[in-house]
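Me: I am new to this structure. Please take me through it in short steps.

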Amino acid sequence: SFSKDETIPAEQAVEFVKEWTEEYLAGAYDYACSVHKDRDHMHMHLVFNSVSRSGGKYRYQKGDWEKVIRPLTNRLAEKYHTGWQTDRKRAGGTGH
């Protein structure tokens, strides 16, 4: 989710979540995502198959948030100029 103060066009939000998903899942898992603004902020929903196209099972490893997820999210936030960083507290949220 983006804060209500962050402005990102829906098309860019879709590109953000698609790029994030392709990189994080290495293109190995089928997924579906949506971007919408039915609240006072733009937000995204993402679901993905926990079984890869080659039959392997997705596993979250301890430390993935700090080592993989947060850096990827921050890099893409900077790329898309959202102003959002996951290591900073946001009003009404925890930054992740």
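Me: In which helix is the place of Thr73?
Reply: This is a predicted model. Helix α2 covers residues 64–79. Residue 73 belongs to that run, and the place of Thr73 is helix α2.

Me: Is Thr73 buried or exposed?
Reply: Buried means under 20% relative accessible area. Thr73 has a relative accessible area of 5%. That value falls under the cut-off, so Thr73 is buried.

Me: Which residue has its backbone oxygen 2.8 Å from a polar atom of the side chain of Thr73?
Reply: A polar contact is a pair of N or O atoms within 3.5 Å. Here the side chain of Thr73 supplies a polar atom, and the other partner is a backbone oxygen 2.8 Å away. That oxygen belongs to Ile69.

Me: What pattern does the protein chain follow along the sequence?
Reply: The secondary structure comes to two helices and two strands. Read along the sequence, the pattern is α-β-β-α.

Me: What percentage of the residues in the protein chain is buried?
Reply: The protein chain has 96 residues. Its exposed area is about 6,300 Å², with 51% supplied by carbon and sulfur atoms. Buried residues make up 33%.

Me: Among contacts between residues at least 6 apart in sequence, what percentage joins residues at least 24 apart?
Reply: These contacts are taken within the protein chain. Those that join residues at least 24 apart come to 50%.

Me: How many salt bridges does the count come to?
Reply: Side chains of opposite charge can pair when their charged atoms come close. The cut-off is a nitrogen to oxygen distance within 4 Å. By this rule the count is four.

Me: Which residue meets Lys79 in a salt bridge?
Reply: The N to O distance is 2.9 Å. The pair links distant parts of the chain, 60 residues apart, with Lys79 in helix α2 and its partner in helix α1 (residues 10–24). Lys79 is partly exposed at 47% relative accessibility, and the partner is partly exposed at 23%. That partner is Glu19.

Me: Which residue forms a salt bridge with Glu23?
Reply: The closest N and O atoms are 2.5 Å apart. Glu23 is in helix α1 and its partner is in helix α2, 52 residues away in the chain. Glu23 counts as partly exposed at 43%, and the partner is partly exposed at 40%. The partner is Arg75.

Me: How many residues apart in sequence are the parts that Arg53 and Asp30 tie together?
Reply: Arg53 and Asp30 form a salt bridge, with closest N and O atoms 2.8 Å apart. Arg53 lies in the loop between β2 (43–48) and α2, while Asp30 lies in the loop between α1 and β1 (31–36). Arg53 is exposed at 53%, whereas Asp30 is partly exposed at 42%. The parts they tie together are 23 residues apart in sequence.

Me: What kind of aromatic pair do Phe48 and Tyr58 form?
Reply: The count of aromatic pairs comes to six. For Phe48 and Tyr58, the centres are 5.0 Å apart and the angle between the planes is 80°. Planes over 60 degrees apart count as edge-to-face, so this pair is edge-to-face.

Me: Which residues do ring pairs link into a cluster?
Reply: Phe48 in strand β2 and Tyr58 in the loop between β2 and α2 are ten residues apart. Phe48 is partly exposed at 29%, and Tyr58 is partly exposed at 22%. Both belong to the cluster of Trp20, Tyr24, Tyr29, Phe48 and Tyr58.

Key:
Residues numbered from 1 in each chain as written. Predicted model: local features only at pLDDT ≥ 70, side-chain atom pairs only at ≥ 80, totals over all residues. Heavy atoms only, no water. Helix = DSSP H or I, 4+ residues; strand = E, 2+ residues; numbered from the N terminus. Buried < 20%, exposed > 50% of the residue type's maximum accessible area, 1.4 Å probe, protein only. Polar contact = N/O pair within 3.5 Å; in protein donor to acceptor, adjacent residues only side chain to side chain. Contact = heavy atoms within 4.5 Å. Areas by Shrake-Rupley, 256 points an atom, 1.4 Å probe, with all protein chains shown as cover. Salt bridge = Lys/Arg side-chain N within 4 Å of Asp/Glu carboxyl O. Phe/Tyr/Trp six-rings, centres within 6.5 Å; stacked < 30°, edge-to-face > 60°.
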